[in-house]
Each structure stands twice: as structure tokens, then as C-alpha cells.
Amino acid sequence: MEWNPPFARWFVGGKLNASYICVDVHMRSWRRNKVALYWEGEPGDSRTLSYAELYREVNRYASILKKLGVGKGDRVALYLPMIPELPIFMLACARIGAPHTVVFSGFSTGALADRVNDVEAKIVVTADGGYRRGKILPLKKTVDEALKTVKSVEKVIVVKRTGAEVHMEEGRDLWLHDLLREAENYVRPEPVDSTDPLYILYTSGTTGKPKGIVHSTGGYLVFNHSMYQWVFNIKEDSVYWCTADVGWVTGHSSIVYAPLSHGASIVVYEGAPDYPAPDRWWSIIEKYRVTIFYTSPTAVRMFMRYGEQWIEKHDLSSLQVLGSVGEPINPEAWLWYFEKIGRGRCPIVDTWWQTETGGIMISPAPGVGLVPLKPGSVTYPLPGIDADVVDEEGRPCKPGVRGYLVIRRPWPGMLMTIYGNPERYKKTYWSRYPGLYFAGDYAMKDEEGYFWLLGRADEVLKIAGHRIGTAEIESAVVEHPAVVEAAVIGKPDPVKGETILVFAILKEGYEASPKLASEIKNHIRKVIGPVATPEAIYFVRSLPKTRSGKIMRRVIKAVALNTPIGDLSTLEDEASVEDVRKAYEEFRKAMEGK
Ligand code: PRX
């Protein structure tokens with residue numbers, strides 16, 4: 001490691017290629033003819049690719065990209081549903097040394113345009129749609145809208161998934177199946193430096209502009225390969241199913257790079273978890289004999305509500321390890337997961353990590369030795385991870401005391417920087433405590449040194465495990481012509497972990513009404529996507545602010561949740577607190593009256 005604080009470079013001078021490691025290496029072994037990918041579409045269609053077939057496809061797709069002029073270092077944006085073409089394109093990009101930026105297909109026009117613009121992608125890959133709850137997501141339409149504000153994109157490759165009619169822009173848009181007719185069966189994998197970026201993935205922070213997290217090739221792969229062996233005990237005969245969308249970091253590591261580097265079989269499912277019935281997931285586990293299952297606490301809580309009858313119908317005896325990620329799992333959900341899904345036989349690995357960490361950092365590790373589990377605790381940091389919990393001054397907290405989670409030393413999966421913004425990288429992660437990586441999470445260690453994660457310590461929300469910054473939602477809200485200013489807070493939710501509440505000040509001449517509230521909701525869905533749909537919008541005349549003009553979200557939150565408001569000495573105008581309270585109560589009464 002070359003450590004130039006706060007920039008770390010791993011395996012400097014090493015050359016490799018990620019698609020070679022995930023695909024080509026298996027061509028020389030029995031794995032050539034085993035299943036690499038089981039894919040199940042929402043309508044019930046399916047596709048299976050052996051490693052040899054995956055190899056062929058990755059090469060063909062790589063040749064297409066090359067012919068379109070994509071070279072080493074060029075960025076390619078992938079805006080696709082959960083179909084085999086998504087991992088294939090990721091590996092094809094890796095093969096030619098072009099970093100990919102996957103944009104979650106649940107994001108909408110504004111979110112997509114921001115990311116494509118920031119990364120200056122040359123190519124966007126999308127589809128004529130994807131299935132979600134029986135409906136078709138109009139991805140191509142969203143791309144067409146988004147590209148109106150993007151200059152860098154030269155070509156759009158369109159995958160035919162649904163057969164829905166889409167507009168094809170002459171000279172810009174190309175069907176994948178047309179391009180494949182001219183594709184070549186072999187493209188030499190481009191040797192890249194260990195420290196060349198494998199991908200850039202955007203995540204929300206505390207400003208409206210998402211951060212492009214840059215991951216290296218060598219460090220990222222070594223780290224993930226190791227962690228999946230230790231945490232999941234993954235083997236070449238594992239059938240690994242991570243239910244996350246590839247659009248999040250969990251999907252990058254857990255669907256594509258780690259399991260394929262181990263030569264395991266992955267399961268990819270396109271649609272909604274409970275469609276057409278609440279046993280869709282359990283039927284998939286039974287059908288493909290899934291051995292390792294990795295999901296989110298929100299999903300577990302949702303299935304708890306549906307009841308056990310949906311699970312009992314299915315043979316889940318193939319399961320060996322169960323994983324949880326993305327948000328704290330409450331002990332009740334943990335125990336239910338352990339007993340009902342794992343039938344008391346499978347360890348639960350509650351894995352703490354982030355887009356920035358690239359891979360799992362704190363988790364039980366049955367692959368190297370299982371410690372006694374405590375429901376709700378992520379147990380201990382993994383080998384090589386020097387994690388701690390510190391107070392405001394950076395001193396280690398005593399057992400049982402809540403503090404901030406920090407990492408004391410770099411690790412191979414650590415982000416390299418924020419794309420195009422090294423200053424923001426330094427400021428966000430390394431300025432709070434010089435020399436320590438600041439994760440932005442509250443945590444606590446108990447008497448035995450077990451770590452307990454206690455939620456975000458910044459303005460980042462976790463909605464059903466999806467990470468969305470309050471600032472990103474606020475900037476979408478104020479784009480609406482009726483709104484001057486807005487504040488967003490998260491409200492605890494028994495299933496999703498958190499839901500979104502918006503407090504908005506209207507412009508002169510606009511009347512607060514349920515119609516306007518639903519208009520603003522639709523606007524947010526259009527700009528960011530359905531994940532950011534608020535539970536409610538409250539219209540207020542003012543917002544509590546500090547004298548320097550910063551919105552005090554914690555005050556709004558305290559009012560809305562009816563918890564103690566705390567220190568108000570920096571508040572500029574006390575009337576605003578009453579205003580928020582009044583708006584909130586009026587709305588609640590109106591709802592109760594219905
Ligand atoms: O707050 C923590 C929470 O998810 C955040 C990272 O979100 P993202 O970058 O989207 O990556 C999610 C999946 C890797 C963290 O800062 N988080 C993640 N895993 C856990 C968790 N909170 C509690 N327990 C976990 N196991």
C-alpha cells in the first residue's frame with residue numbers, strides 16, 4: 001500500500017483485468033460448463049448462462065463498445081433493469097478498461113442526468129423497459145428526457161427486453177441486437193493498473209449533488225474476493241443470491257464481482273419481491289437451490305408482515321448462510337429471519353459497509369470462524385479492519401456509550417476519491433477527525449467489544465435501505481415552481497426503517513392544498529424517482545434556522561416526532577418552531593378527520 005493521507009493506492013504496479021478474473025480464469029477449469037448466472041424475469045421467463053456462455057457474451061459486448069469508440073478510461077453509463085445484460089455490460093466495460101457507472105433503474109430523469117453529466121459518459125446503455133409489479137418501467141423515455149441536458153453522450157445502446165415501443169433517435173440510438181450481429185467473439189482483456197478505476201458509483205451525501213465514488217480495480221477485487229470467502233464462506237459450488245439491485249454498491253460487489261471471482265453461481269431476479277404473490281422469493285430459493293441469501297432488514301420486516309404461510313409452502317433446506325445489509329436490523333426481525341427462513345440452522349451475517357468502503361467491513365465471518373451471534377449486532381470488524389467508536393473529540397467511547405464510527409487505517413476496498421472532486425473527498429471523510437475515516441454512522445461497542453450500528457449521524461436517510469440525502473430531495477422540491485424553500489426529515493417506520501417528510505414554504509400567490517401536495521410528490525418522483533416519494537408534505541410559513549441560515553432539521557424532526565427539542569440557542573426565530581408544530585398538527589388532524 002502507498003499511503004499518502006488521505007489517498008491510498010493498493011498493489012501499486014500490479015496489472016490485472018477484472019473481467020479476466022471473473023470470467024476467463026474459469027475457462028480453464030470444470031467451471032467452464034457450470035452455471036454462472038440464473039436469471040428470472042418478473043413475468044416468469046428465465047435464462048441460464050454457463051461460464052462459457054458468459055465469457056462469450058462479455059467478449060461480444062466488449063467488441064461492440066470498442067467499435068463504438070469506447071477506450072480505456074472512457075466512462076459508460078448503464079441504466080438497465082435487472083436483466084443479464086447488466087452484469088454482462090459491466091464486465092464488458094471492465095474488459096476494455098472503461099469504468100462503468102451504473103445508475104439505479106428506479107432513479108428518474110434528474111437523478112440520471114446529474115450522474116451522466118458528472119461522469120461525462122460517452123455511451124448510455126438502457127432498455128426498452130423492465131418489469132416491475134407487472135408494469136413496464138419506461139427507461140428509454142427517461143433517458144431521452146435526461147439526455148436533453150447532457151452533452152457528452154455520443155451513442156445510446158438499447159436492449160430489447162419488453163418489446164414496448166420506444167423512440168429511437170436517428171444517428172444516436174442503436175439496438176443491441178443489431179450491434180450483436182457484427183460482434184466479435186474475442187476481445188483481448190486490457191491490462192489495467194491495480195489503481196485504475198474499475199467503476200464510479202454515485203451515492204448521496206449531505207449536499208444536493210451526489211458523490212461519484214471511485215473504486216480501484218486491484219484493491220477492490222482483492223478485498224471483495226477475501227471478504228466473501230470469510231463472511232459468506234462462498235465456494236465454487238455456492239448458489240449465491242443477493243436481492244439488492246445492481247444499481248447499488250451491494251449489487252456491484254455481491255452480484256457481480258465477488259461471487260463470479262469465486263466461480264459461484266449467481267441468481268438475478270428482475271422484479272418486485274412480492275409479485276405476483278408474497279412467496280415469489282421463497283419459490284426462487286427453492287427453484288435454484290440457493291445456498292447463500294443476502295437481503296435487507298426492510299425486506300425481512302415486510303415478509304414478517306405477510307406471515308409464515310407463504311414460506312411454509314417452500315423447501316428452503318438448501319440455505320446455509322443468511323445475510324443482512326443496508327440498515328440496522330432490529331432483534332425481532334433478526335430472530336424471525338433466523339428461525340423462519342434459516343429454520344434455526346443458518347448463521348446470520350449482519351454486514352456493515354458502505355458504497356465508500358467498497359466491501360464488507362464489520363460482520364460475523366463463518367468462513368474463518370464464527371463468534372457467538374447477538375441479534376442486532378454486526379459483531380466484530382473483519383481481519384485488517386481497524387474500526388472504533390469515538391466521541392465528539394475523537395476519543396474512544398466507553399462500552400455502552402454511543403459515538404461515531406471511524407476506521408483508523410486504510411483498507412484495500414477503500415474509495416480512491418470522489419470523482420472530479422478530491423477536496424470534497426478530503427472534507428467529507430477525513431476532516432472531522434484528522435487521520436481517521438469518518439463513516440457518518442452512530443455506533444456503540446458493548447462490554448465484549450461487539451459493534452452495534454445505530455443509524456446515520458448526518459443528513460442522509462435510509463429509505464428501505466436505499467441511501468438518499470435530504471439535500472437531494474430538498475433540491476428537487478424547490479425546483480417545483482410553487483416552492484421557495486424546503487426541509488426534509490426522516491421519520492422512523494416499522495417496515496422501511498424511515499420514511500420521508502417534507503416541510504415546504506410556498507411562494508407568494510400559491511395556496512396550500514392537497515392537490516398541490518400531490519403535485520409536488522409527483523414532481524419528486526419525476527426528478528429523483530419513486531424511492532424518494534415522501535409520505536407527506538407539510539406547508540409552513542417559515543423553517544427553523546440557525547443565525548447563519550442553516551436549516552435546523554433536528555428541530556423539525558423533534559417537533560414532528562414529538563421528542564425533546566434540545567438546545568435552541570443558535571435558533572434565529574423561535575416562531576418558526578411553532579409554525580412547524582402548527583402545520584404538522586393541522587395536517588394530522590385533517591388526516592384523522594378523514
Ligand atoms: O448507515 C449505514 C447503513 O448504510 C450506510 C451505507 O449505505 P450505502 O452506501 O447505500 O451502502 C449500503 C450497503 C453496503 C451505512 O453508512 N448500513 C449498511 N449496512 C448496515 C448499515 N447499518 C446498520 N447495519 C448494517 N449492517
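Helices (H or I, at least four residues) and strands (E, at least two) are DSSP runs, numbered from the N terminus. The model is predicted: local features need pLDDT of at least 70, side-chain atom pairs count only at pLDDT 80 or more, and totals for chains, interfaces and linings use all residues. Residues are numbered from 1 along each chain as its sequence is written, and side-chain values use heavy atoms, without hydrogens and water.

**Exercise 1.** Determine the strand order of the open sheet and its edge strands.

*Solution.* Two strands pair if DSSP finds at least two bridges between them. On that basis, 7 strands follow the order S5-S4-S17-S16-S18-S19-S20, with mixed pairing. Strand S5 (46-50) and strand S20 (348-351) each pair on one side only and are the edge strands. At the S20 edge, strand S19 (residues 321-325) pairs with S20 in the parallel sense over 4 bridges; Leu-322 has Ile-348 as its bridge partner in S20.

**Exercise 2.** Identify the strands that helix H9 lies across.

*Solution.* Contact means heavy atoms within 4.5 Å. Axes are lines fitted to C-alpha atoms, for helices over the stretch in contact, and angles run from 0 to 180 degrees between N-to-C directions. Helix H9 (residues 280-288) lies across S4 (35-40), S5, S16 (239-242), S17 (265-269) and S18 (292-295), at about 150° to S4.

**Exercise 3.** Decide whether Asp-274 is buried or exposed.

*Solution.* Asp-274 lies in the loop between S17 and H9. Buried means under 20% relative accessible area, exposed over 50%, partly exposed in between (1.4 Å probe, protein chains only). Asp-274 is therefore buried, because its relative accessibility is 12%.
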